[in-house]
Each structure stands twice: as structure tokens, then as C-alpha cells.
Amino acid sequence: MPGEVNAPLVDAEPPIRWRVQVRVPSKINLFLGVRGLRDDGYHELVSVMQTVSIHDTVTAQIEGDHVARLHPASRRFVDLTFSQRAGAGVPDGEGNLAVRAARRLMQAVGIGSQAGEGTASSMTRLHLDKTIPVAAGMAGGSADAAATLLALNHLWGVDLDREELREIAAEVGSDVPFCVSGGTALATGTGTATAQVLTRGTYHWVVGISDRTLSTPEVYATYDRVGCPNPAEPDAVLQALRTGDQEALGAALSNDLEVAACHLRPDLEVSRDRMLRAGALGAIVSGSGPTLVALAESATAAADLAAEVADRFDRVEVATSPAGGPEVWADGA
Ligand code: C5P
């Protein structure tokens with residue numbers, strides 16, 4: 001009958017999501033050049049970042065009377081709790097970058113954190129499932145923050161686009177905008193301005209993880225004391241990525257913060273040299289460390305190399321890059 005099948009759904013409610021999960025990769029710096037100290041205490045950087053296949057999963061879930069509370073008119077007040085099933089050293093509560101990201105998103109879109117009288121409110125729980133090493137130079141906290149922004153954007157039906165989310169991300173931390181997008185990027189400024197770069201092939205890494213963490217501010221402060229200006233540009237890394245040339249990439253890996261990380265942890269230099277002697281195409285401290293990453297020519301070579309250097313680390317992983325970007329799943333709709 002006319003109108004029966006194709007009746008317009010003018011009164012349709014937006015889809016309701018009760019639980020959203022985001023699986024987010026970590027990153028390594030293939031190139032990190034420090035270009036000077038700014039007045040605000042941050043450093044001007046040129047960096048090439050690539051996602052690597054060690055992931056965290058962030059779950060965001062609404063509890064309570066979902067249907068009424070997700071309606072736009074009653075969505076203004078949200079309480080947030082936080083739980084984690086993670087290793088030692090993960091900051092709890094408000095100290096965690098994921099919680100700070102949630103607060104920042106709430107501020108940006110006008111969601112309050114205190115329920116008003118007579119106003120429907122809802123409880124959103126965040127759960128971090130961590131594999132990315134903590135305070136290790138692999139953007140674990142930043143990845144969780146980015147995943148939280150994406151998860152809550154879906155869960156709360158906020159519907160900001162990626163660019164809007166990246167703007168909020170930049171206020172949470174220098175690596176967070178990159179983690180929202182993933183892939184491979186050239187980062188400038190304090191690291192928040194990123195442009196995707198062309199990359200070919202898959203790279204095999206041995207990731208050497210240490211339980212003794214390094215503080216990023218301390219590594220930068222140490223760089224200010226012991227680092228030397230290095231005019232190197234990322235061109236060789238970008239060229240190697242464009243052509244998928246593993247050997248050229250191994251030779252071009254460069255990190256100005258390495259000297260500072262090794263100053264604080266001289267054992268890192270010994271471990272890096274062991275990786276090189278064991279056949280790595282290149283080996284480098286990732287970001288502000290203390291994680292070391294070594295490039296191998298194949299998955300088999302990476303497994304062999306990992307076995308050979310395992311005694312130098314608390315944990316050794318074999319991983320590949322690039323590892324795409326965050327992946328979002330929603331259920332309960
Ligand atoms: O931005 P984020 O909170 O991740 O930075 C952590 C610390 O790293 C900053 O407090 C600062 O000490 C240092 N940093 C810097 N210059 C940058 C990025 C980070 O000095 N471009």
C-alpha cells in the first residue's frame with residue numbers, strides 16, 4: 001500500500017549506544033628532532049610518528065536508565081568513574097590522561113559533571129585494558145586519551161568530527177592528536193600539528209620494555225642540559241618510508257632525546273648496541289624512552305632478535321608497523 005513501506009521516519013530517535021569499545025595502537029618515533037625551547041616550557045619539534053601493533057582497549061559504558069538518559073534534552077549531566085586492569089604505574093582517577101580527555105570533551109560540548117536537581121543524569125564508566133607499556137615513550141597514556149575521546153563521542157552521541165576531536169586532543173597532550181588519527185605522520189610545533197605521510201610496506205620491530213619508567217618532563221629537562229643542536233632533517237626517514245626501503249629506514253632512525261634518556265639510564269645505550277650487534281637494521285630509543293625499538297628485516301628475524309636480546313629487558317615484544325588507527329565498536333544500539 002502506498003506510504004506503508006516507504007513512510008519517512010521523521011520521528012526516529014538517534015541510535016542509542018550503551019557500550020563503545022576502542023582498540024588503539026601505540027606509537028614509535030622514527031625521527032624526533034628537538035628544535036629549541038619555547039617560552040611556555042615546551043619544545044619545538046619535528047617528528048615522524050608511526051603506529052605499532054601493541055594495543056590498549058578502552059571501554060566506555062553507560063549505566064542506569066539508558067534510554068531516557070541518552071535523550072539530548074537530558075544528556076547534560078554525566079558522572080564519570082574510572083577503573084583499570086593494568087600494570088603498575090598507571091595513574092589513577094583524575095591523574096589519568098583518559099579521564100582528563102573525558103573532562104575536556106564534557107567541557108567542550110557543555111556536559112556538566114554534577115547532576116542538577118530534577119535532571120536526569122547518567123553514569124559513564126571507563127575501563128582501560130592496557131598492553132602498551134606505561135611511561136615508556138610509546139604514547140600509552142595519549143593513546144588511551146584519544147580512544148576515550150572517540151569512545152565518548154560515539155557513546156554520548158556528541159558527533160564531533162575527527163578534526164574537532166583533534167582540537168580537543170591537542171589540549172590534553174602533545175601526542176594525543178596523532179593518536180586520534182594513527183597511521184604515519186610528520187608532526188611539527190609541539191607535536192600537535194600532524195600531516196599524514198606516504199608509507200609503503202610493513203616493518204618488523206623488536207620492542208624492548210623496561211619496568212623502570214622515565215618521566216617525559218625529566219627527559220626533556222635533561223636534553224636542555226646535555227643535548228647538542230642537531231641539524232638533521234627527517235628527509236631520509238620520509239624517503240625510506242615512501243619507497244618501503246627497510247635498510248634505509250634502519251640507517252635513518254634518529255632521536256634527539258636519546259642522548260638524554262641514555263644520560264638518565266646508561267644501560268639503554270648498552271642494550272641498544274646489543275640489538276645492533278645482534279643484527280638489527282637500526283635501533284633507537286622511542287620518544288622519551290626508556291623503550292628501545294629495533295628494526296628487523298622479517299618477522300622471523302624479529303623473533304630471533306627478540307630471543308637474543310631478551311635478557312636485557314623486563315619484557316620483549318615483537319610488533320609490526322604501521323598499525324592503522326583506533327578502531328571503534330559500538331553495541332547495545
Ligand atoms: O604534552 P604532554 O603532556 O604529553 O607533554 C609531557 C611533557 O613533555 C611536558 O610537560 C613537557 O615537559 C614535555 N614536552 C616538551 N615539548 C613538547 C612536548 C612535550 O617539552 N613538544
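A polar contact, as the term is used here, is a pair of N or O atoms within 3.5 Å. The structure is a predicted model, and its ligand is a convenient place to begin reading it. A polar side-chain atom of His43 lies 2.6 Å from an oxygen atom of the ligand, which falls within the 3.5 Å limit for such a contact. The side chain of Ser174 also takes part: one of its N or O atoms is 2.5 Å from an oxygen atom of the ligand. At Thr190 the backbone is involved instead, with a polar backbone atom 2.9 Å from a nitrogen atom of the ligand. Taken alone, the ligand would expose 450 Å², and the protein buries 76% of that area.

Where does the ligand sit? It occupies the largest pocket. The residues around the ligand are Gly41, Tyr42, His43, Leu45, Gly173, Ser174, Thr190, Thr216, Pro217 and Tyr220. By residue type, this shell divides into four nonpolar residues, six polar residues and no charged ones.

The shell can also be read by the parts of the chain that supply it. Two elements, β2 (43-63) and α6 (216-226), each give two or more residues to the shell around the ligand. The largest share, three residues, comes from α6. On the level of domains, domain 1 (5-197) and domain 2 (203-321) each provide at least three residues of the shell.

Some backbone details can be found in the loops. Which residue is joined to Pro290 by a cis peptide bond? The residue is Gly289, and omega for this bond is near 5 degrees. Pro290 is placed in the loop between β9 (282-285) and β10 (292-296). Another cis peptide bond joins Ser321 and Pro322, where omega is about -5 degrees. The loop that holds Pro322 runs between β11 (315-321) and β12 (327-331).

Ala135 shows a backbone feature of another kind. This residue is not a glycine, yet it has a positive phi of about 45 degrees. Ala135 is found in the loop between β4 (121-129) and α3 (140-155).

Technical notes:
Residues numbered from 1 in each chain as written. Predicted model: local features only at pLDDT ≥ 70, side-chain atom pairs only at ≥ 80, totals over all residues. Heavy atoms only, no water. Near = heavy atom within 4 Å. Polar contact = N/O pair within 3.5 Å; in protein donor to acceptor, adjacent residues only side chain to side chain. Areas by Shrake-Rupley, 256 points an atom, 1.4 Å probe, with all protein chains shown as cover. 1 Å grid on protein atoms, 1.4 Å probe; cavity = no way out; pocket = protein on both sides within 12 Å on 5 of 7 lines; lining within 4 Å. Sits in = over half its atoms within 2 Å of the grid points. Helix = DSSP H or I, 4+ residues; strand = E, 2+ residues; numbered from the N terminus. Nonpolar A, V, L, I, M, F, W, Y, C, P; charged D, E, K, R; others polar. Domains from an automatic or database assignment.
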